[in-house]
Amino acid sequence: MKTPPGAGSSADGSLPRSVHAGYALGSLATGAFGTVPGLLLLPYLTDTLGVAAGLAALLVLLPKAWDVLVNPVAGRISDRTRSRWGARRPYLLVAGLALAVLFASIFAAPFGNGSAAAAYVAFAFLATATAFAFFQVPYVAMPAELTGDYAERTRLMTWRIAVLALAILVSGAVAPLVVSAGGDGVAGHRWMGLFVAVLIALGALGAFLGTRSAPTGTVGESEPTLRAQLAVAGANRPFRALLICFVVQSAGVATILAGVNYFAGQILRDDKTGPTVLFVCFVGPALLVMPIWTRVGARLGKRTALVVASLILAAGAFTLVTAPVLPPVAVYLVVALIGVGYAGQQVFALAMLPDCIAHETARTGRRQAGVFTGLWTAGETFGLALGPGIYGLVLQLSGYVSSDTGSAAAQSDTARLGVLLGFTVIPAALIAPPILLLRRYTLTPATLAATATATDDRVDHGVVLGDESR
C-alpha cells in the first residue's frame with residue numbers, strides 16, 4: 001500500500017519546502033522543451049536548412065500532434081505502474097534522460113541541408129515528443145497525489161511556475177546566444193542542442209531526487225479501459241472547460257514564442273540581441289510577480305484570477321501591433337506586461353487542474369490522474385505545436401522568403417506585416433475569447449469539500465452520489 005495523500009506533509013496539508021523545490025525543478029525540463037523548439041525550430045528550418053515556411057510549419061506541427069494520441073496512453077500506463085518509487089517517479093528519471101538525449105539529436109543535422117535534413121528533423125522531433133509525453137504526463141499528475149489541500153496546490157504551482165519562468169528565461173534567452181557563439185548555422189544549433197539537453201537532464205534528475213520523500217498517493221482502482229477513462233475525463237464539465245480554454249490559449253502563447261526571432265529581426269531590426277532582450281523582458285517580471293498572483297488568487301479565487309491574467313496577456317499582445325511606431329523601450333515595457341499576464345495564466349490554469357482531478361477521484365473513488373493529465377498535456381502540447389504552425393502559415397501567406405545561409409533573407413513589406421500580425425493580433429485573438437468557457441468551471445473550495453464529505457458518507461453509509469459536477 002502506498003502512502004495516502006497528505007502523508008509526509010503537515011497536519012494542515014502543507015508540504016515541506018524541499019518537496020516544493022524538488023517538484024518544481026522538473027519545470028527546467030518542461031520549460032526548456034516547451035520553449036526552445038517553439039522559439040528556434042521554425043527559424044532553424046526556414047533560415048538555416050532552407051525549408052519553405054509552409055512545409056516547415058507542418059514539420060513543427062505534426063510530430064507534436066502525435067502527442068494527442070500518445071499522452072493519454074502514457075497517463076494510463078503511469079496510473080497502472082507499481083514500483084518502489086511510486087507510479088510517477090520512474091518516468092521522471094528514465095523518460096527525462098531520454099528526452100535530453102533526443103533533444104540534442106534534433107539539431108545534430110547529420111544530413112546537412114535539403115529534404116533529407118528536413119525529414120530527419122521531423123523524425124527526431126517525433127521521437128523527442130514521445131519521450132516528453134512519458135515525462136510530462138506523470139510529472140503533471142503528481143500534485144493531485146502530493147496533497148489534498150486546495151490552497152497548497154496553488155503554492156505548489158507557484159513554486160513550479162517560478163522555476164518554469166526561470167527555465168524559459170535561461171533556455172529562451174541564452175539558447176539564441178549559444179547559437180551565435182557557436183558560429184550560427186548548423187554548428188551553432190548543434191551547440192545549442194547540447195546546452196538545452198543539459199538543462200533538461202538537470203531538471204529530470206532534480207525532480208526525481210527532490211520528490212523521493214514526497215507522498216505518492218494510494219494505489220486506487222482505475223477504469224478498466226482507456227476508452228472508459230477518456231469518457232470519464234471528457235464528461236467532466238469543469239475539466240473540459242478548463243482544458244479547451246488552456247489549449248487555445250497555449251496556441252496563442254506559442255504563436256508569440258514562434259515569432260520572437262522574426263519580430264526582433266524584421267520589426268525591431270535587431271536579430272543579434274533582440275531575441276534575448278525580448279525574453280528577459282517577457283520572463284523577468286514573471287519571476288517578480290509570482291507572490292502577487294498568489295495573493296490575487298487567494299482574494300479573487302483561481303477562476304477569476306485566471307480571467308484577469310488572460311486579459312492582461314491578450315491586451316499586451318494586441319497593443320504590440322503598434323511596435324513599428326514605438327521606441328524600443330516602449331516595446332520592451334509592453335512585452336513585460338505580456339509576461340505578467342502569462343505568469344498568472346500559467347499559475348492558475350495549472351493550479352485548477354489538480355482540483356479537477358481531486359474532485360473526480362473523490363467523487364468516483366477511482367485513480368485517474370494519469371489520464372486526466374494525459375489529456376491535459378496532449379492538449380497543451382498540441383497547442384504549443386499549433387502556435388508555430390499558425391505562425392509559419394502566416395509567413396507563407398505573406399510571402400516570407402526562406403534562406404539556407406543561417407541568416408534571414410531580405411523581406412518585402414507584406415512579409416514584414418505578416419511577421420507583425422502573427423506576433424500580436426493573432427495571439428490576442430486566441431488568448432482572450434476562450435475565457436468565456438470558464439463560466440462552466442464551477443469548482444471552489446466549498447464544492448471540493450462537499451464532494452469529499454459526500455464521499456466519506458458514501459463510504460461509511462453506502463449512499464449513492466449524484467453527478468452534479470458534470
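Here is a short chat about the cavities, the core and a few backbone spots of this predicted model.

Tutor: Some ground rules: residues are numbered from 1 along each chain as its sequence is written, and side-chain values use heavy atoms, leaving out hydrogens and water. As this is a predicted model, local features need pLDDT of at least 70 and side-chain atom pairs count only at pLDDT 80 or more, while totals for chains, interfaces and linings use all residues.

Student: How many helices and strands are there in the protein?

Tutor: Helices (H or I, at least four residues) and strands (E, at least two) are DSSP runs, numbered from the N terminus. By that rule the protein has zero strands, and its helices number 18.

Student: What share of the residues count as buried?

Tutor: Buried is under 20% relative accessible area, exposed is over 50%, and partly exposed is in between (1.4 Å probe, protein chains only). Among the 470 residues of the protein, the buried share is 57%.

Student: Which element gives the most to the lining of the largest cavity?

Tutor: On a 1 Å grid over the protein atoms alone, a cavity is a set of points where a 1.4 Å probe fits but cannot get out, and lining residues have an atom within 4 Å of a point. Five cavities of 30 Å³ or more turn up, and the largest has a volume of about 230 Å³, where grid points are joined across faces, edges and corners and a volume is the space filled by probe spheres set on the points. Of its 18 lining residues, the closest to the centre are Gly34, Tyr342, Gln346, Glu380 and Leu384. The top contributor, with four residues, is helix 2.

Student: And by class, what lines the second largest cavity?

Tutor: Ala, Val, Leu, Ile, Met, Phe, Trp, Tyr, Cys and Pro count as nonpolar, Asp, Glu, Lys and Arg as charged, and the others, Gly among them, as polar. The lining of the largest cavity is mixed, with nine nonpolar, seven polar and two charged residues. The second largest cavity holds about 80 Å³, and its lining has no polar and no charged residues, but 10 nonpolar.

Student: Which helix gives the most to the largest nonpolar core?

Tutor: A nonpolar core is a set of buried Ala, Val, Leu, Ile, Met, Phe, Trp, Tyr and Cys residues joined through side-chain atoms within 4.5 Å. The largest one has 123 residues, and Leu41, Leu45, Met192, Phe263 and Trp376 have the most contacts inside it. With 16 residues, the biggest giver to this core is helix 14.

Student: Which residues does Gly344 touch, leaving out those up to four places away in sequence?

Tutor: Gly344 sits in helix 14 and counts as buried because its relative accessibility is 0%. Its C-alpha is 5.1 Å from that of Ala309, although the two are 35 residues apart in sequence. With contact meaning heavy atoms within 4.5 Å, its partners are Trp293 and Ala309.

Student: Ala109 has a positive phi; is this residue buried or exposed?

Tutor: Most residues other than glycine have a negative phi. Ala109, though not a glycine, has a phi of about 50°, and its place is the loop between helix 5 and helix 6. Since its relative accessible area is 7%, Ala109 is buried.

Student: Where does Asp184 lie?

Tutor: Asp184 also has a positive phi, near 60°. It counts as partly exposed because its relative accessibility is 25%. Its place is the loop between helix 8 and helix 9.

How values were computed:
On a 1 Å grid over the protein atoms alone, a cavity is a set of points where a 1.4 Å probe fits but cannot get out, and a pocket is an open set with protein on both sides within 12 Å along at least five of seven lines; lining residues have an atom within 4 Å of a point.
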